[in-house]
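Work through the exercises below with the coordinates open. Try each task before reading its solution.

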Amino acid sequence: MEHRRWCVSCLILGYQTLTLKESEEARRDKTKFKALKKAYIHPDITPFELLSDEEKHKDKLIISAMK
């Protein structure tokens, strides 16, 4: 749920999405990832299941802090 909330906030701020394949490629290439973010295209606006364990952990930390 936290990831969905975050995705919506990014979309409201004007970030654009990528296809699932493009998102996967961008998350493997840190340079491309950073360049896309500067262009307001965020590779992490994708289904939670496709995120890296590191990104999933960030959401879990937020949730645990709310308890």
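The exercises that follow concern a predicted model.

**Exercise 1. The face of H1**

Task: Find which residues of helix H1 (residues 2–12) are buried, and where they sit around the axis.

Solution.
1. Apply the cut-off: a buried residue has under 20% relative accessible area.
2. In H1, the residues that pass are Glu 2, His 3, Cys 7 and Cys 10.
3. Look down the axis of H1. The buried residues fall within an arc of 140°, so they line one face of the helix.
4. Recall the geometry. An α-helix has 3.6 residues a turn, so residues three or four places apart point the same way.
5. Now turn to the other side of H1. Arg 4 and Ile 12 are exposed there.
6. Find the partner. The buried residues of H1 pack against helix H4 (53–66).
7. Check what follows H1. Gly 14 has a positive phi, near 105°.

**Exercise 2. The cysteines of H1**

Task: Determine how many disulfides the structure has, and how far apart the sulfurs of Cys 7 and Cys 10 are.

Solution.
1. Search the whole structure. The result is zero disulfides.
2. Take Cys 7. The nearest cysteine sulfur belongs to Cys 10 and is 6.6 Å away.
3. Set the cut-off beside that value: a disulfide needs sulfur atoms within 2.5 Å. Cys 7 is in no disulfide.
4. Take Cys 10. Its nearest cysteine sulfur is that of Cys 7, and Cys 10 is in no disulfide either.
5. Add burial. Cys 7 has a relative accessible area of 11%, so it is buried. Cys 10 is at 5% and therefore also counts as buried.

**Exercise 3. H2 against H3**

Task: Describe how helix H2 (residues 20–28) and helix H3 (residues 30–38) meet: what is the crossing angle, and which residues make the contact?

Solution.
1. Take the axes. They come within 5 Å and cross at roughly 115°.
2. List the H2 side: Glu 25, Ala 26, Arg 27 and Arg 28.
3. List the H3 side: Lys 30, Lys 32, Phe 33 and Leu 36.
4. Sort by class. The contact has three nonpolar, no polar and five charged residues.
5. Inspect the start of H3. A side-chain oxygen of Asp 29 comes within 3.1 Å of the backbone nitrogen of Thr 31.

**Exercise 4. The ends of H3**

Task: State whether Lys 38 is buried or exposed, and find what is unusual to check in the phi of Tyr 40.

Solution.
1. Place Lys 38. It is in helix H3.
2. Apply the cut-off: exposed means over 50%. Lys 38 has 75% relative accessibility, so it counts as exposed.
3. Compare sequence and space. Lys 38 and Tyr 15 are 23 residues apart along the chain, with their C-alpha atoms separated by 9.8 Å.
4. Step just past H3. Tyr 40 takes a positive phi of about 60°. This residue is not a glycine.
5. Locate Tyr 40. It lies in the loop between H3 and H4. Its relative accessible area is 41%, so it is partly exposed.

**Exercise 5. The loop between H3 and H4**

Task: For His 42, Thr 46, Glu 49 and Ser 52, decide which are buried, partly exposed or exposed. Then find what His 42 and Thr 46 touch.

Solution.
1. Start with His 42, in the loop between H3 and H4. At 6% relative accessibility, it counts as buried.
2. Check its side chain. A polar atom there lies 3.1 Å from the backbone nitrogen of Asp 44.
3. Leave aside neighbours within four places in sequence. His 42 is then in contact with Trp 6, Tyr 15, Gln 16, Phe 33 and Lys 37.
4. Move to Thr 46, found in that loop between H3 and H4. Its value is 7%, so it counts as buried.
5. Not counting residues up to four places away, Thr 46 touches His 3, Cys 7, Leu 20, Ser 23, Arg 27 and Leu 51.
6. Take Glu 49. Its relative accessible area is 60%, so it is exposed. Glu 49 and Glu 2 are 47 residues apart in sequence and 13 Å apart in space, C-alpha to C-alpha.
7. Finish with Ser 52. At 33% it counts as partly exposed. Ser 52 and Met 1 are 51 residues apart in sequence, and 16 Å apart C-alpha to C-alpha.

Notes. Residues numbered from 1 in each chain as written. Predicted model: local features only at pLDDT ≥ 70, side-chain atom pairs only at ≥ 80, totals over all residues. Heavy atoms only, no water. Buried < 20%, exposed > 50% of the residue type's maximum accessible area, 1.4 Å probe, protein only. Helix = DSSP H or I, 4+ residues; strand = E, 2+ residues; numbered from the N terminus. Arc of directions from axis to C-beta. Contact = heavy atoms within 4.5 Å. Axes fitted to C-alpha atoms, helices over the stretch in contact; angles between N-to-C directions. Nonpolar A, V, L, I, M, F, W, Y, C, P; charged D, E, K, R; others polar. Polar contact = N/O pair within 3.5 Å; in protein donor to acceptor, adjacent residues only side chain to side chain.
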